[in-house]
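Trainee: Could you take a close look at one part of this model for me, and then show me how the rest sits around that part?

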Amino acid sequence: MIIVMKPRTPQEEIMKIRNKIQELGCEIHESQGVNYHIFGLVGNTNTVDPDRILAIESVEKVIHVQEPYKIANRLFHPEDSVIKISDKKIGGQNFAVIAGPCSVESKEQIISIAEDVKSAGAGFLRGGAFKPRSSPYSFQGLREDGLELLKIAREKTGLPIVSELMSTEHLERFIEDVDVIQIGARNMQNFELLKEVGKTRKPIILKRGLSATIEELLLAAEYVLAQGNENVILCERGIRTFETYTRNTLDLGAIPVIKKLSHLPVIVDPSHAGGLWWLVDPMAKAAMVVGADGVMIEVHNDPANARCDGQQSLKPEKFSTLMNSLKELARIQGKVIN
Ligand code: PEP
Ligand code: MN
């Protein structure tokens, strides 16, 4: 349920309503703009009689929220959420470029790629340390050593680091070491993991599950938000369809849909979506045009010999060319790349 206050309602009146709702045992999520003040109610709202609330002079309207996701709902927060990470922002007018290898492989590899993506204009470095591989015989990542190497690359370049957390067992370490925790597609509905990252205040990139609907993605985000962590960034990374030419099917339409339904930033990962390096450039540009808040791109200095996802990784020169196109598009779209 949403309670919208009349514009310019005095603070004392706002406080009175807040106390009243709290007495009824509901959890409140308040959202405030220049001309509005909204109370979003979650939990058992049966105790709240909408007619009695509407009878209060300063209340403009009471809306029943139909969708099962509440805090993620745009009705709860009409303006875009902007997530702050170091000196950077994701959401609103900002367009985030997160780039780096699928997996951290060695010190030389991660530093060389970090320097290349930084000089091309990327704002964040990605790199997997714990890898969710389909086969148990494939490279599983350098694990803790990978995190150490990412920290060295951050030290050298100043780029905040993004890495995937697969188990609550490593959560403390990730809180210490990384700037953004990635929850991968395979763990989108690992609800215990979502609850645990929800208890932190770390920015979370939540990737859409392999066959998850938009509503399921928003409900997964709701798990994190419900624990008090508002720093959630959604990521469309392609979904399973009958098409086999591409690794997945990039659901570009999901971007404007999510922007309409939710205030959370949403980025696109064209690398895992298409699975082919030459598709990354056009799909990343398309992502910017349909209103995404950023892209996550796999870049490798030697794709032919990459230990993971080389076929979908851009060489640094190709990434640099893409960055130049994105910078031009950003000007037209009124976005700031960071
Ligand atoms: C990744 O980003 O390296 C990854 C494994 O992605 P996804 O979870 O989308 O498959
Ligand atoms: Mn990958």
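Mentor: Sure, let's start with helix 10 and what packs on it. The cover over the buried residues of helix 10 includes strand 7 (94-100), strand 13 (266-268), helix 9 (270-274), strand 14 (294-298), helix 11 (316-333) and strand 15 (336-337). Here helices (H or I, at least four residues) and strands (E, at least two) are DSSP runs, numbered from the N terminus, and contact means heavy atoms within 4.5 Å. Before going on, keep in mind that this is a predicted model, where local features need pLDDT of at least 70, side-chain atom pairs count only at pLDDT 80 or more, and totals for chains, interfaces and linings use all residues. Residues are numbered from 1 along each chain as its sequence is written, chains are lettered from A and ligands numbered from 1 in the order in which they are written, and side-chain values use heavy atoms, with hydrogens and water left out.

Helix 10 itself spans residues 277-289, and its buried residues are L279, V280, D281, A284, A286, A287 and M288. Buried means under 20% relative accessible area, exposed over 50%, partly exposed in between (1.4 Å probe, protein chains only). Take A284, which lies in helix 10: A284 counts as buried because its relative accessible area is 0%. Leaving out residues up to four places away in sequence, A284 touches P270, V295, I297, L322 and L326. A284 and M323 sit 39 residues apart in sequence, yet 9.7 Å apart in space, C-alpha to C-alpha. Just after helix 10 comes G291, with a positive phi near 100 degrees.

Now zoom out a bit. The chain is divided into domain 1 (2-63) and domain 2 (83-337), with bounds from an automatic or database domain assignment. Their C-alpha centres lie 37 Å apart. K70 is in the loop between strand 4 (59-63) and strand 5 (83-85). Not counting residues up to four places away in sequence, K70 touches V42, V65, F76 and E222. A polar atom of the K70 side chain is 2.8 Å from the backbone oxygen of E67. As for K260, 190 residues separate it from K70 in sequence, against 14 Å in space, C-alpha to C-alpha.

Two serines are worth a look as well. S31, in strand 2 (residues 27-32), counts as buried because its relative accessibility is 3%. Setting aside neighbours within four places in sequence, S31 is in contact with Y36, H37, I38, F76, H77 and P78. S262 is in the loop between helix 8 (254-261) and strand 13, and S262 counts as buried because its relative accessibility is 0%. With the neighbours within four places set aside, S262 is in contact with A72, N73, R74 and L218.

Last stop, the ligand. Around ligand 1 (a heavy atom within 4 Å) you find R126, K131, P132, E164, Q182, G184, A185, R186, K207, R237, H272 and E298. That shell divides into 2 nonpolar, 3 polar and 7 charged residues. A backbone N or O atom of A185 is 2.8 Å from an oxygen atom of ligand 1, and a side-chain N or O atom of K207 is 2.8 Å from an oxygen atom of ligand 1. For H272, a polar side-chain atom lies 3.5 Å from a ligand 1 oxygen. The protein covers 97% of the 290 Å² of accessible area that ligand 1 has on its own, with areas from the Shrake-Rupley method and a 1.4 Å probe.

How values were computed: A polar contact is a pair of N or O atoms within 3.5 Å; within protein, one must be able to donate a hydrogen and the other to accept it, and residues adjacent in sequence count only if both atoms are side-chain atoms. Ala, Val, Leu, Ile, Met, Phe, Trp, Tyr, Cys and Pro count as nonpolar, Asp, Glu, Lys and Arg as charged, and the others, Gly among them, as polar.
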